[in-house]
Amino acid sequence: MTTLDRMFVGSFLRSYLIVLVSLLSLYVIVDLFTNLDDFSKGATFADNLRHISWYYATRVSQIFDRLCEAITLLGAMFTVAWMQRNNELLPQLSAGVSTRRVIRPVLAGAALTLALGPLNQELVIPRIAEELTAERDDFEGLKKTPVKGAYEPNGVHLEGQAAVRADRMIRYLWVTFPQGRTGMVHLTAEEAVYVPPGDGPHTGGWNLFHTKPKDLSDSELPPGLERLGMGRYFLHTREVDFDTVTRGANWFLFASTPQIREILAKPGARRQPQVAVAFHMRLTRPLIGILLTVMGLAVILRDQNRHVFINAGLCLILCAVFYTTMYGCKYLGENDLIGPPLAAWLPVLIFTPLAVALVDAIHT
């Protein structure tokens, strides 16, 4: 790596950080002042400030996930445009250095920053998925949320009325055991608290309080249900935890790629087309980012005598067309109009020949 290469890499990283901070700050400021009333639920100013800091500290990773490729494109675009404006390309071209060789450090820096998107998606977002699904006005997780039904692998069905995230508690949990020792068993608990898996005997399941019936005989007690006292039971579960029955419809967007693959492997998975499209788009994401960056730089470098603002405008138009095509294919795949693999790979198939043609048209 030459001195000029290091200078161009440093220039790209500086432009990338400026674009990153600008876009994220703009989002936070606009969203904060738009929804300021939702953040004013705390007792004191310090509580409100802590709520706002906590909320946007987690949302930054989600916004970065959505804008990672666009931020890299803008950073590379501003770097090359600044090189053209300062006449840094012409001396190198006059010395016999090709345009592709000059922008190689910028492409290397772009590849590095594009890798941050999948890393954030796989390592950061799954760890804070619970915070990302929380609402603005639910500072302490005390707001009641709806509960969905779910099945255990052995056929046990759980369904509730309302849940409180702070205590991992569900009001009125109804449990149906399909095959008890004496047939089907129905159990209703006024309160059910989920206990995550641990070392104790009563972990990895639900503490059931004030149940009806209050007492089941040994012959009526179904497998997986343990009596703790009059009107108290512990229900051992393998897959149905608190998040399973309270998560929203698009919860899989916050899961890692291996988790999405496990969901697809289960028979009768909910929203199968949407989950399949999300899985295949995870695989094509690195190619999407590379294609977008290469095409954007090719548009700028194709005519180096064109005004920098015109180049920037053409680059933004290309970005808009690219994302419109990508989300259009996603819509077709989620609605079973085309197959999920084709929905994810079709933008790559459409724009790869265009990217090759644009790169080939760069004046060297």
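Which element gives the largest share of the lining of the second largest pocket? Helix α10 does, with six residues. The close-up views below show a predicted model.

**View 1. The second largest pocket holds about 620 Å³ of space.** Its lining counts 19 residues. Closest to the centre are Asp65, Gln121, Arg285, Tyr327 and Lys330. Three elements give two or more residues each to this lining: α2 (45–85), α10 (272–302) and α11 (308–334). By residue class, the lining divides into nine nonpolar, four polar and six charged. The largest share, six residues, is that of α10.

**View 2. A nonpolar patch lies on the surface.** Five names make up the patch: Leu283, Leu287, Leu342, Trp345 and Leu349. Together they have about 450 Å² of accessible area. Two or more residues come from each of α10 and α12 (340–360). Helix α12 gives the most, three residues. Leu283 sits in helix α10. Helix α10 therefore appears in this view as well as in the pocket view, since an element here is a DSSP run numbered from the N terminus, and α10 gives residues both to the pocket lining and to the patch.

**View 3. Strands β7 and β8 form an antiparallel pair.** Strand β7 covers residues 225–229, and strand β8 covers residues 232–236. Four bridges join them. One pairing to look for is Arg227 with its bridge partner Tyr233, which belongs to β8. Two residues lie between the strands of this hairpin. Gly231 takes a positive phi there, near 75 degrees.

**View 4. A salt bridge joins Arg101 and Asp5.** The closest N and O atoms of this pair are 2.8 Å apart. Arg101 belongs to helix α4 (residues 99–102), while Asp5 belongs to helix α1 (residues 3–34). The two residues are 96 residues apart, so the contact links distant parts of the chain by the salt-bridge criterion of a side-chain nitrogen within 4 Å of a carboxyl oxygen. The structure holds six salt bridges.

**View 5. The peptide bond from Lys212 to Pro213 is cis.** Its omega is near -5 degrees. Where is Pro213 found? Pro213 is in the loop between β6 (205–212) and β7. Strand β7 is also the partner of β8 in View 3.

**View 6. Tyr172 has a positive phi.** The value is about 55 degrees. Tyr172 is not a glycine. This residue is placed in strand β4, residues 169–180. Another positive phi is shown in View 3, at Gly231 in the hairpin of β7 and β8.

Technical notes
Residues numbered from 1 in each chain as written. Predicted model: local features only at pLDDT ≥ 70, side-chain atom pairs only at ≥ 80, totals over all residues. Heavy atoms only, no water. 1 Å grid on protein atoms, 1.4 Å probe; cavity = no way out; pocket = protein on both sides within 12 Å on 5 of 7 lines; lining within 4 Å. Points joined across faces, edges and corners; volume = space filled by probe spheres on them. Nonpolar A, V, L, I, M, F, W, Y, C, P; charged D, E, K, R; others polar. Pairing = 2+ DSSP bridges. Patch = residues over 30% accessible without salt bridge, like charges linked within 9 Å, V, L, I, M, F, W, Y side chains within 5 Å. Areas by Shrake-Rupley, 256 points an atom, 1.4 Å probe, with all protein chains shown as cover.
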